[in-house]
Amino acid sequence: MKVMILANNDVGLYQFRKELIEELLKQHKVVISLPYGDFVKPLEDIGCKFIDTPVDRRGINPIKDLRLFFMYWKILKQEKPDLVITYTIKPNVYGGCACRFMKIPYAVNITGLGTAFENGGMLKKIVTVMNKVGCKKAKVVFFENEGNRQIFIKEKIVKESQTHRLNGAGVNLEKYQVAPYPGGEKIKFLFMGRIMAEKGIDELFEAMQHLVSDGINCELHLLGSYEENYKAKIEKYEAEGWLHYYGYQKDVRPFIEASHCFVLPSWHEGMANTNLECAASGRPVITSNIHGCLEAVEDGVSGYLCEKQNADDLYRVMKKFTKLSYDERKAMGLAGRKHMEEVFDKKKVVRQTITKL
């Protein structure tokens with residue numbers, strides 16, 4: 001059988017779906033259709049055939065989007081796959097439509113609702129209709145959290161019988177092993193992700209400023225590339241001495257190992273993989289009390305939940321964490337690892353996915 005995967009970037013596909021692809025390759029041919037990037041070669045090396053397909057991730061240009069639909073149509077006609085798996089909104093919508101009209105079985109993955117859906121208004125109505133058209137004939141629609149699944153059912157985008165909730169993409173427990181918990185008097189908080197408002201970066205900066213002004217011995221280590229212009233702010237906070245910025249890192253494990261706690265005050269997520277990776281590594285997690293984040297944390301046991309878009313509440317729980325003893329922090333991290341083993345083991349998620357395809 002030939003399986004085709006449509007996605008909007010190589011990084012997410014390699015980092016979070018590699019194990020699924022490797023499992024598929026044991027019995028099937030796998031063709032990937034996405035824009036070229038640094039992780040295409042590693043995906044080819046494990047056995048995938050690559051088709052370079054430009055996808056404008058952020059734009060809403062109808063002419064470009066129509067062009068993407070016809071590009072998918074042409075690729076599907078050429079490759080004749082037996083099954084198509086789509087990830088992220090544009091491949092889900094335009095790839096789903098192409099599969100639907102060509103009567104090719106397809107599975108859709110909702111990896112998050114995105115800004116347009118979260119903000120409401122006319123754009124939400126448009127995105128709702130687009131998702132409805134793309135998902136209508138899908139064999140299965142996978143969700144990474146129950147909140148997103150219920151919204152799609154309530155909005156009548158999908159039938160409940162079409163849906164299946166996975167525990168995100170899972171986490172590779174062999175790659176992310178428990179790292180020795182660091183000592184030292186200075187608390188090192190870690191953030192990894194796109195540097196943008198919707199990841200809660202402004203609330204995190206504000207909370208850190210409060211902690212520092214309280215005289216609490218802590219610092220923030222920041223990993224990720226800019227999606228918005230935070231250069232001036234970051235340089236200012238680096239000069240103040242409490243922020244250390246490292247840009248995008250291919251291997252985040254040394255940074256996780258050096259940290260005492262991971263913080264992600266995101267506004268919306270499908271399932272935050274960074275929360276899973278840090279918990280699997282034995283690090284306490286502070287994150288938003290929203291679907292896509294809350295699933296990773298047992299509040300007060302493996303970390304803390306805070307209100308989204310609330311810098312004061314984030315400050316409160318981060319300060320609470322700094323008051324814990326070394327042994328209490330370490331125990332929190334180990335509780336997080338246990339939770340990952342029980343719920344988010346990637347091997348279980350991969351098996352479940354393949355069963356439903």
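In this predicted model, the backbone oxygen of proline 265 lies 3.4 Å from a polar side-chain atom of serine 288, a polar contact in the sense of a pair of N or O atoms within 3.5 Å, where within protein one must be able to donate a hydrogen and the other to accept it, and where residues adjacent in sequence count only if both atoms are side-chain atoms. Because the model is predicted, local features need pLDDT of at least 70 and side-chain atom pairs count only at pLDDT 80 or more, while totals for chains, interfaces and linings use all residues. Residues are numbered from 1 along each chain as its sequence is written, and side-chain values use heavy atoms, with hydrogens and water left out.

**Surroundings of serine 288**

- Serine 288 is found in strand β12 (residues 285-288), where helices (H or I, at least four residues) and strands (E, at least two) are DSSP runs numbered from the N terminus.
- With a relative accessibility of 0%, serine 288 counts as buried, a class that means under 20% relative accessible area, as against over 50% for exposed and in between for partly exposed (1.4 Å probe, protein chains only).
- Apart from its neighbours within four places in sequence, serine 288 is in contact (heavy atoms within 4.5 Å) with Leu264, Pro265, Ser266, Cys293, Leu294, Leu305, Cys306 and Lys308.

**Nonpolar cores**

- The largest nonpolar core, meaning a set of buried Ala, Val, Leu, Ile, Met, Phe, Trp, Tyr and Cys residues joined through side-chain atoms within 4.5 Å, has 57 residues, of which Phe189, Phe205, Ile286, Met318 and Phe321 touch the most other members.
- Helix α8 (residues 201-213) supplies the largest share of this core, with 6 residues.
- When residues up to four places away in sequence are not counted, methionine 318 touches Phe189, Leu204, Ala207, Met208, Leu211, Val263 and Ile286.
- A second and separate core holds 31 residues, among them Ala138, Phe143, Phe152 and Val158.

**Nonpolar surface patch**

- Leu66, Phe70, Trp73 and Phe101 make a nonpolar surface patch of about 420 Å², the accessible areas coming from the Shrake-Rupley method with a 1.4 Å probe, where for residues only the protein chains shown count as cover.
- Patches are made of residues with over 30% relative accessible area and no salt bridge, with like charges joined within 9 Å and nonpolar side chains (Val, Leu, Ile, Met, Phe, Trp, Tyr) within 5 Å.
- Helix α3 (residues 62-79) gives the most to the nonpolar patch, namely 3 residues, whereas phenylalanine 101 is found in helix α4 (residues 89-102) and is partly exposed at a relative accessible area of 48%.

**Positive phi outside glycine**

- Lysine 156, although not a glycine, has a positive phi of about 60°; its place is in the loop between α7 (146-154) and β7 (163-165), and its relative accessibility of 63% makes lysine 156 exposed.
- Glutamine 309 also is a residue other than glycine with a positive phi, near 55°; glutamine 309 is found in the loop between β13 (303-306) and α12 (311-322) and counts as partly exposed at 45% relative accessibility.

**Salt bridges**

- Side chains of opposite charge can pair when their charged atoms come close.
- The structure holds 21 salt bridges, each being a side-chain nitrogen of Lys or Arg within 4 Å of a carboxyl oxygen of Asp or Glu.
- Aspartate 45 and lysine 41 meet through their side chains in a salt bridge of 2.9 Å, N to O, and because they are 4 residues apart in helix α2 (residues 40-45), about one helical turn separates them; aspartate 45 is exposed at 53% relative accessibility, and lysine 41 is partly exposed at 47%.
- In the salt bridge between glutamate 174 and lysine 347, the closest N and O atoms are 2.7 Å apart; glutamate 174 lies in the loop between β7 and β8 (187-192) and lysine 347 in helix α14 (residues 346-356), so the pair ties together parts that are 173 residues apart in sequence.
- Glutamate 174 is exposed, with a relative accessible area of 51%, and lysine 347 is partly exposed, with 48%.
- Glutamate 341 and arginine 337 form a salt bridge at 2.9 Å, N to O, and both lie in helix α13 (residues 326-343), 4 residues apart, about one turn of the helix; glutamate 341 is partly exposed at 37% relative accessibility, whereas arginine 337 is buried at 12%.
- Lys2, Lys49 and Glu79 are joined into one network by salt bridges that share partners.
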